Every structure is written in C-alpha cells, then in structure tokens.
Amino acid sequence: MHLPPFARLGLAALIALTCGCSPSSREGEVAAVYTGDSDVSTDALRPAVESLFDDEGQDAAGETRAVIVLHDGKVVAERYAPGFTADSRFLSWSVAKTVTAVLVGIMVSDGRLSLDEPVPVPAWQRGADPRGAITLRQMLTMTSGLTHNEKEEPLERTDTLRMLVGDGASDMARYAESKPLAHTPGETWQYSSATTLILSDMMTRLLTNEDSPKARRDAMQRFVRERLMVPVGLNSLIPEYDARGTMIGGAIMHMTARDYGRLGELLRRGGLARGRQIVSQRWVQFMTRPTPVHEGYGGHLWLNRPGSERVMFVDDAPRSLYAANGLRGQYVIVSPAQGLTIVRLGVTSDEQLPALRERLARIIRKFPGG
C-alpha cells in the first residue's frame, strides 16, 4: 500500500512534525539580500525583516526559516535561517488550501464545475440526502454545514488528525465525505481541512474514471503539472497523496520560498503569470470576496477584515490585503493596493503568533499605503 511519507510516521510523529524541520539543502545558498527600491530603502526594510529572525526573548516570533518580500513583482528582500536555502522545500500546511482553490478555479473556467451547483459527491446523491444540496461555493467558503472538529486538545480527537494519520488515513476523502450535516449549508462558517480533501477527490474523479490509486495520482499530478506548475513556474511544488490516490490538498504540499512567492504574485496579478491567464480574474475576485457569514474569509483565503484578527492584521494593514495561512505561522501575504507580496515560513507556537503578526505588520507598514 502506498502511504505518503508523513503518514508512515504515525500520529505522534505528525504532532511532533508541527514543531519539526522542513527539508533543507546546502545547494542554492543565498546570502541575505536587501535591495530596497524607490519607495522603501534598504535601511528601512532590513531591520523589519531581521526582526522576524530574532527568536529569543519574551516577545519572540518563533523560528523563522525563510522570508521573501516582493514589491511590484521585484524581490526587494530575501533571507534564510542557517541550514535553509533557496532550494529548501517548506511544508505548506494550510497554504495548500489556496493552491487547491486555484486548481478548482481552473476547472470552473474549463466548464467542468460551477460555483452554485451541488458538488458531485456520489455518496451524497443517494435518496434524499440533504448533503446533496451543498454547493461548490459553500465548500470553498467553509459554509458547507458538515460536522467537523478541526482543532482541540487532545489533538488525537480532532477530525483533522484522525483523517490524516488515524482511522481515516487510508481514504481521507471517504472519511470527510461520511460526516453528517451539523448545520444548514450556507448558514454557519466552520474551518475544515476535510472540506478541501473532498474538493481534491472531486477533481480527481472529474479527471479519470479509473479507480486504482496510481491512476488517480497520475491523473491529478498531470493536471497540477500542466495547468499550474509549468505555466506559473512552480517547479518545486510537491503535493502528497493518500493511499487512495487523493491529493492531500488541505495541508500537505511542499515548495521553495520563491515558489510560494510566485503563488502570491499569481493572485496579486489577478490570475496572470508569464503573460498567460492561468485562472480567471473573476475567480480571484471570488476568492478575495468576503463570505456573508464570515467577513474575514473568502474562497480558501483569509481576508484582512473583522473576524480574522487571530490570523490577520486588521488594525495594521489595508482591508484589501489577504493571505494564505498555514499552521505554525506559514504566510503568503498579498496586498494588491501596495503591490506587495510577503512570504514567511517557519515554526511559531500559538503563544508566539501575536508577536509574529506584529512583526509582519511592520514590514507591511514600510510600504506606501500600509
């Protein structure tokens, strides 16, 4: 049976991994680069970025491993911690959700899916199952109404870890799709990694009628490579798959810091990359529009609006700013009004997250309009 590398480790190891190491390499060594530009000088930018690497003291922001700042598409700062380089791939955690949403948007543009039609989940189409009415829009905005426990203590009880390495690990989408409704679809917001696994399974079934795990993996990987990796230049992207051959699109992808920056730039430029429209501008507008029941969340993206204070910078940055965010302080921040994309990757505890957000906000405020 094929198991992704993290799943072979078991539950205890996965919990430890939330504080553990990302793959690293001595190749691609890059000294700290601070070029600045006409709007922000190097002298102003350097201390703001360097503050993220100060992991000592009461107000430490955790262990920062990589930071990239792009202004109007140009890298104005790039910095790695010792042992990490431009070739290191960093674990995405929930930044993967945003990648999955972009892939769903490509399928919508292709005419395979529609935002306001029910998601094609065979298990929900039997009889009068009320889950059969859940729309793609509700899935992407985390308003499906499905029962889900994302995070609590002890972690072993959460649906997320049961799905990733517990009794649901052999077929994660089946575990997610088996959950009953807890609320009427569209009325309640509930953050859910399981929701994104259902979307991954849905896309795979649209790409192939074959049922073997290898055929499913190959079909999805071909789609990811041909429609996202190659045209955008995300050459380092490695999605992982479960034993059933379903992409673990809610949490487990790997990329270099520079490729996370390219993901942010794709969104900042309205779906454009290398002169091609990879995903429609309308789709990016949908992803960055607040859902009616949670102003701080869009389509698998966090928005800098009330309700997202524990993730975003509501009092310290433009309301138009949004971010892909992952466990332990992974950030791909986009501020379209400022022409700004910021990537921060590392390991930060829950207690340190406020300090991390404050230091990221310092960088945002250095640029005009911040």
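## Hidden spaces

A cavity is a set of grid points where a 1.4 Å probe fits but cannot get out. In this predicted model, the structure holds 3 cavities of 30 Å³ or more. Let's look at two of them, then at a helix.

## The largest cavity

About 60 Å³ of space lies in the largest cavity. Met142, Thr143, Ser144, Gly145, Leu146 and His148 help to line it, together with Thr188, Gln190, Ser192 and Thr195. What kinds of residues make up this lining: nonpolar, polar or charged? There are 8 polar residues and 2 nonpolar ones, with no charged residue in the lining of the largest cavity.

## The second largest cavity

The second largest cavity has a volume of about 50 Å³. Among the residues that line this cavity are Ser94, Lys97, Tyr191, His300 and Trp302. Helix 4 (95–109) and strand 10 (322–326) are the elements that give two or more residues to this lining. Strand 10 gives the most, with 3 residues.

The lining of the second largest cavity divides into 6 nonpolar, 4 polar and 1 charged residue.

## Helix 10

Now find helix 10, which covers residues 257–268. How far apart should the ends of this helix be? At 1.5 Å a residue, its 12 residues should span 16 Å, and the end C-alpha atoms are 17 Å apart, so the two values agree.

Helix 10 is mostly covered, as 9 of its 12 residues are buried. The buried residues include Ala257, Tyr260, Leu263 and Leu266, and also Asp259 and Glu265. Just after the helix, Gly270 takes a positive phi of about 65°.

Notes. Residues are numbered from 1 along each chain as its sequence is written. This is a predicted model: local features need pLDDT of at least 70, side-chain atom pairs count only at pLDDT 80 or more; totals for chains, interfaces and linings use all residues. Side-chain values use heavy atoms; hydrogens and water are left out. Helices (H or I, at least four residues) and strands (E, at least two) are DSSP runs, numbered from the N terminus. The expected span of a helix is 1.5 Å times one less than its number of residues. Buried means under 20% relative accessible area, exposed over 50%, partly exposed in between (1.4 Å probe, protein chains only). On a 1 Å grid over the protein atoms alone, a cavity is a set of points where a 1.4 Å probe fits but cannot get out, and a pocket is an open set with protein on both sides within 12 Å along at least five of seven lines; lining residues have an atom within 4 Å of a point. Grid points are joined across faces, edges and corners, and a volume is the space filled by probe spheres set on the points. Ala, Val, Leu, Ile, Met, Phe, Trp, Tyr, Cys and Pro count as nonpolar, Asp, Glu, Lys and Arg as charged, and the others, Gly among them, as polar.
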